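Me: I am new to this structure and would like to start with a single part. Please take a close look at one side of one chain and walk me through it.

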Amino acid sequence: MGNKIPPYLLNPGVGRNGSVKLQGAKLSFLDKTILNAATAVKSIYLQEENATKENPVQKINPDVKLFSLIFLVVVISIINNLVAQIIVTAVILIFYIVSRIRVFEVYRKIFFLAFMFGFVVVFPASLNIITQGEIVFNLISLDKPLRFWIYYIPQDIGFTLNGFHVVFMVFLRVLNSVSLALLIIYTTSFPAFIKSFRIFRVPDTFLMIITLAYKYIIILSRTIEETYFALKSRLSGNIKNSNIRRLIGGRIYFIFKRSMIIYEGTYYAMVSRGYQGKVMIHSPKHFTVIDFITLIIVIAFGIGIILI
Amino acid sequence: MFYQTDYSYIYGFSVSNIDISDFLKVIMHIPDGYLSPQTYIPLIGIFVGVAAVSVKKVKKEVSARDIPYLGMAAAFSFIIMMFNLPVPGGTTGHAVGSAVIAILFGPWAATIAVSVALIIQALIFGDGGITAIGANCFNMAVFMSFVAYYIFKLLGKRSAGNKRIFFSAFISGYLSLVMTSILAAVEFGIQPLIASDNYGKALYCPYDLSIAIPAMAIEHLLIFGIIEGIITAIIVSYFLRNEPGLIYAFRKGGKNDNE
C-alpha cells in the first residue's frame, strides 16, 4: 500500500514554501514562552514541595529565617576575605544536605546563576587593563602602551592576582547569596515567609499584594502554558511577521482580560468575607527555644565570619 | 510532526534554552555582590519611600480594590516577561515590561506591580540580589515606569493615529530601557570610586564609569532597547485597537485624559 501522506507532512522541518530555517526560528518563540511558563510553574511547585518536607530547618520560625537571611546576606556583602566566603559556602552546603533538599538539582541552578551573574560578567576584570597588579599570566605584549580618549592599554596585557581576587570574591558573593536565599525559600512556605516581613515593619497591604500576586502567577502561568501548547498544535509553515505580532498581542490581551476577571472575582470573594479595605495579617507561630538558639548561632556565626 | 518539541526543560535546566533576553536579565537584575552597602542601603530607603506613596496614590484611585488590583497588576507584570518574540538572528527576546505596565496601569501602580514582580523573582528564582532589591526596584519599577509613562504621554496623544501611538509606545519602551540601563551603569560605575581597598583594588563591581556606561548603553541602544520598544508598541497597539479604555494613559476624566 502506497504512502498517501503529503510530503510536506513527512518532512518535519519544511514549510509550505520550503523555508526550513525560517520556520524553526520563527516558531521558537512559542517554545521559549512555554519554557518560561513551565519554568515558573516548576520552580513554584519545587519550592512548595521542598517547603513542606519535615526537616530541622523547616521547623524553624519563618521570622527567624527571614532575619537570618537578611543578616547573613549583609554579612556576605561586606566581607572581603576569600577564606571567610568559602567557609560560608561550605556551611550553606551542609544545611542543604541536612534539609534534605534535592541538592544536585538546586545547586545546578545556583551554579548556573553564579556563573552567569558572578563570573562571566566579571571575568574581564582579572586582566590588568581593569585591575592593576602584578601580572601572573601574560597574554599579549604590545610594541608600546596605547592611549585613546580616556582609555589606557598597557604594553603587557595579562591576568593579575588582584584581578583573580576580585573575580572570585564577586563569584563567591553571588554564589553564597543565591544559595542562602534559595535555602531559606526552599524550607519555608512562601506565604509564611512573606508574612514574616512584618518584623521589618513592612505594611500588611504590601505583603498581601505579594501573596496575591504569587497565587495569580501560578494560575496565569498555567494559562499561558495551555494557550501556547494549543497554539503550537495549530501552527505550521511560515507565518508572516505581522501575524506573529498580532498573535503575541492577542495572547497578552487575553491574559490581561483573564487577570481582570480573576481580580474582580478575588475582590468580590474578599468583600463577601467582610473585607472593607483594610487587611491585618496574623502570624500565629510562636518562638520556641530552638528558634532562640538558632538566632544566637546565626548572629555569632555572622560576627565570627566578619572577624576572620 | 510539524515541529519538534523539546520537553527536557520540564525535567531539568537546559542551557540551550537561553535566549538573547536572558543576557539582559544578567545585566539589568543586579545580583548581590556588585553594589556596596553605601549604594544599596540608600536605594532601599528611596524605594521604600516611593512604594509607600504609590500604595496611597493607587488606593485613592481604586479605593478598597487596591490589594487585588495591585496583586493582579504585579502578576501581569511578572507574566509579561514570559512572552517571547522572534528577533533577527533566529533567537527570541522578551521585554522587561515596565513601560507596558506603566502605560496600561499608570506609573504609581506600575511602581508597585513591577516591584512585587521583581521581589518574587529575586526570592523564588534567584534573579537579582536580596541586597540589590532596592536598587533593582528603584531602577526598573520606579525610574523606568515614570520615564516610560511620561514619554508616552508626551508623544502619544489619543487623538493621534494608530501609527503615531505605535511609534510613541516604541520610543517610550526604547528610551526608558536605555535610560534605565545608564542608571544601572552609573550604580555599577561608582563602585570602584566609593568602595576600594587601600591599594585601589575594587571591593564590589570592578568596572568604573568609563567602562560600565559605554558597555551598558551600547548594547541597550542597539539590541535590548529595540526589543523593549517593539514589544511595548505591539501590546499598546493591540489594546488600542481592541479596548482602548483599558489603557490608563488614555483613560477619560481627570488628569489622565489625553485627548
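**The side of chain A that touches chain B**

Reply: Happy to help! Within chain A, 83% of the contacts with a separation of 6 or more are between residues 24 or more positions apart (a contact means that C-beta atoms, placed from the backbone, lie within 7 Å). This is a predicted model, in which local features need pLDDT of at least 70, side-chain atom pairs count only at pLDDT 80 or more, and totals for chains, interfaces and linings use all residues. Residues are numbered from 1 along each chain as its sequence is written, while chains are lettered from A and ligands numbered from 1 in the order in which they are written.

Chain A has ten helices and four strands (DSSP runs numbered from the N terminus, H or I of at least four residues for helices and E of at least two for strands). Following the sequence of chain A, you meet the pattern α-α-α-α-α-β-β-β-β-α-α-α-α-α.

Now for the side you asked about. Here 86 residues of chain A are in contact with 65 residues of chain B. On chain A, at least two residues of this side come from each of α2 (20-51), α3 (62-78), α5 (103-120), α6 (161-185), α8 (204-234) and α9 (241-272). The most comes from α2(A), which gives 18 residues.

What is this side of chain A made of, by class? It has 54 nonpolar residues, 22 polar ones and ten charged ones. Here Ala, Val, Leu, Ile, Met, Phe, Trp, Tyr, Cys and Pro count as nonpolar, Asp, Glu, Lys and Arg as charged, and the others, Gly among them, as polar.

Terms used. Contact = placed C-beta atoms within 7 Å.
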